[in-house]
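Hi,

Here is the structure I promised to pass on to you. Have a look at it first, and then read my notes below.

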Amino acid sequence: QGVASSESKRMFSEDPTLERSFRGHKDAINSVVFNPNMKQLISGSQDSCLMIWNFKPQLRAFRFAEHTEPVYSVAISPTGGIIASGSKDRTIRLWAPNISKGRSSVIKAHNGGVRCVSFSPDSSSLMSASDDKTLKMWTLAGQKFKLTLSGHSNWVRSVKFNPQGNLVVSGGDDKTVRLWDVSQRNCVQTFYDHTGAVNDVAFHPDGLCVVACSADHTINIWDIRMNQLLQHYAGHKDSVNSISIHPSGDYMLSGSSDMTTKIWDLREGHLCYTLHGHEGAVRSVAFSPTGDYLATASNDENLLVFKTNLSSNTSAAQDAKVSLQKQAKKLQERAPNADDNAENRDIQKKFQQDLIPMSKDAAARAVDGGSRKKNKGEQAMHQAQPHAADVNDPASSQTYEQEVQEEKAEQAPAPALAQALSVEDVMHKVLRQLEILNDTVLVMDKRISLVESRMRTLENSQ
């Protein structure tokens, strides 16, 4: 756990703390992602296996060995209903998180290894990036091929959708970051600022910026409206392999071959924390869907889960911002057509499951696992003993389903209490929305002042 300036510390209620560690893969871990229900982690490894880790200590981990070569990437649909994995064996496999027998659908996807898989925001489509220098899009209903995007001149290592689902960003070994219009099937912008292979890309939650990290040890952020480089981060001492943006859009997570994970403040443009604990390159990092936790995966075969300890004020602002973004999206979206609805019904029918969302307290208890680490600093991280995965036999899924149903019954509030909580929640949401609207006005005022200043500078230079 690194040193932070006094300014950045005010943004955290306390330092990030190591909560859990998992060990069970037999080789370097390439990719990690949270299940949106906050009950599980999913990881893919050089050992050719995909593993699902349960936060409850009494539930075993599941190991799936359907791929014949290393698993480069794992992703889970926003609804939590489908897991996708991409492998060096040139295939994509689709899994249901609650199926323990290892059954999967296979897509023979590319003529080279599949480096990355990414779901669309509505969970209806999947995009893949490959060593064959192409991006391909697939519909999940029937696993049908939809389109190919060509333009990279070398391996494509990463691809992600924007929040609206109409654009994708990709990066690869040709050192470029490319922005694509899915409906037009063409590249609309290319960024050449990196001097090394681009290892990972992401959209900012507002959809207005793209982020990329590179083997040149740096991270860049571009504004896609002005096609201009906005921020440049150069704090790592080796290749930056993975990035993740906090749901609030205020923080960024990066993992590097220098064996560290860093948390950056995107509002102020500086480093907040450096997290230690791995004894090998950090290959993948991920914030949880709420931003309360983060996970890191490494060449040392370990997965670490930290509690971010963001302040309550920041969490409230995040909740309001997400709420406003959802409202704006609903207004801007076109009504889905009959084909879209039919596809969604097919997907739900094919991958039907019953995963119950957890309350905030229950999620904390699940991650704590009854043995929450209270110690701060590197001592706590290095003393935390890895949890050896108790890899299951198929019978374990029955226990999992039973415990889900029990937890659902325990968490169900009485009708009168639920109604009271509902009114209180509405009032809190209204107050949070007013606060975030005020913050948004202030930010827009600053941006307008900045634009006016740039215009004056341009006029003076002419």
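I'll start with one residue pair, in case you want somewhere to zoom in: Val33 has Ile42 in strand 3 as its bridge partner. Before we go further, keep in mind that this is a predicted model.

That pair belongs to the contact between strand 2 and strand 3 (residues 40-45), which run antiparallel and are joined by 5 bridges. Both strands are part of an open sheet of 4 strands, ordered 2-3-4-5, with antiparallel pairing. Strand 2 (29-34) and strand 5 (62-64) are the edge strands, and each of them pairs on one side only. On average, neighbouring strands in this sheet are turned by 15° against each other, if you ignore direction.

Now for the overall picture. The protein has 7 helices and 29 strands. Of its 462 residues, 53% are buried. If you take the contacts between residues at least 6 apart in sequence, 53% of them join residues at least 24 apart.

There's another open sheet that I spent some time on. It has 4 strands in the order 10-11-12-13, again with antiparallel pairing. Strand 10 (114-119) and strand 13 (144-150) each have a single partner strand, so one side of each has no neighbour in the sheet. Here the average turn between neighbouring strands is 20°, direction ignored.

Strand 11 is a good one to follow through this sheet:

- On one side, strand 11 (residues 125-130) pairs with strand 10 in the antiparallel sense over 5 bridges. Val114 stands opposite Ser130 there.
- These two strands form a hairpin with 5 residues between them, and Ser123 in the turn has a positive phi of about 65°.
- Strand 11 also pairs with strand 12 (residues 134-139), antiparallel and over 5 bridges. Ser125 has Thr139 in strand 12 as its bridge partner.
- The hairpin of strand 11 and strand 12 has 3 residues between the strands, and Lys133 takes a positive phi near 75°.

How many residues of strand 11 are buried? The count is 6 of its 6 residues. Ser125, Met127 and Ala129 point one way, while Leu126, Ser128 and Ser130 point the other way, and all are buried.

On to the aromatics. Searching the whole structure turns up 8 aromatic pairs. One of the pairs is Phe191 with Trp222: the ring centres are 4.9 Å apart and the planes are at 20°, so the pair counts as stacked. Phe191 is in strand 17 (residues 186-191) and Trp222 is in strand 20 (residues 219-223), so the pair ties together parts that are 31 residues apart in sequence. Phe191 is buried at 4% relative accessibility, and Trp222 is buried at 0%.

Elsewhere, ring pairs link Phe22, Phe34, Trp53 and Phe55 into a cluster. Have a look at Tyr72 as well: the charged end of Arg115 sits over its ring, 4.2 Å from the centre.

Last, the cysteines. How many disulfides are there in the whole structure? The search finds 0. Cys213 is buried, at 0% relative accessibility, whereas Cys187 counts as partly exposed because its relative accessibility is 29%.

Enjoy exploring!

Definitions and conventions: Residues numbered from 1 in each chain as written. Predicted model: local features only at pLDDT ≥ 70, side-chain atom pairs only at ≥ 80, totals over all residues. Heavy atoms only, no water. Pairing = 2+ DSSP bridges. Axes fitted to C-alpha atoms, helices over the stretch in contact; angles between N-to-C directions. Disulfide = S-S within 2.5 Å. Buried < 20%, exposed > 50% of the residue type's maximum accessible area, 1.4 Å probe, protein only. Phe/Tyr/Trp six-rings, centres within 6.5 Å; stacked < 30°, edge-to-face > 60°. Lys NZ or Arg CZ within 6 Å of the ring centre and 35° of its normal. Contact = heavy atoms within 4.5 Å.
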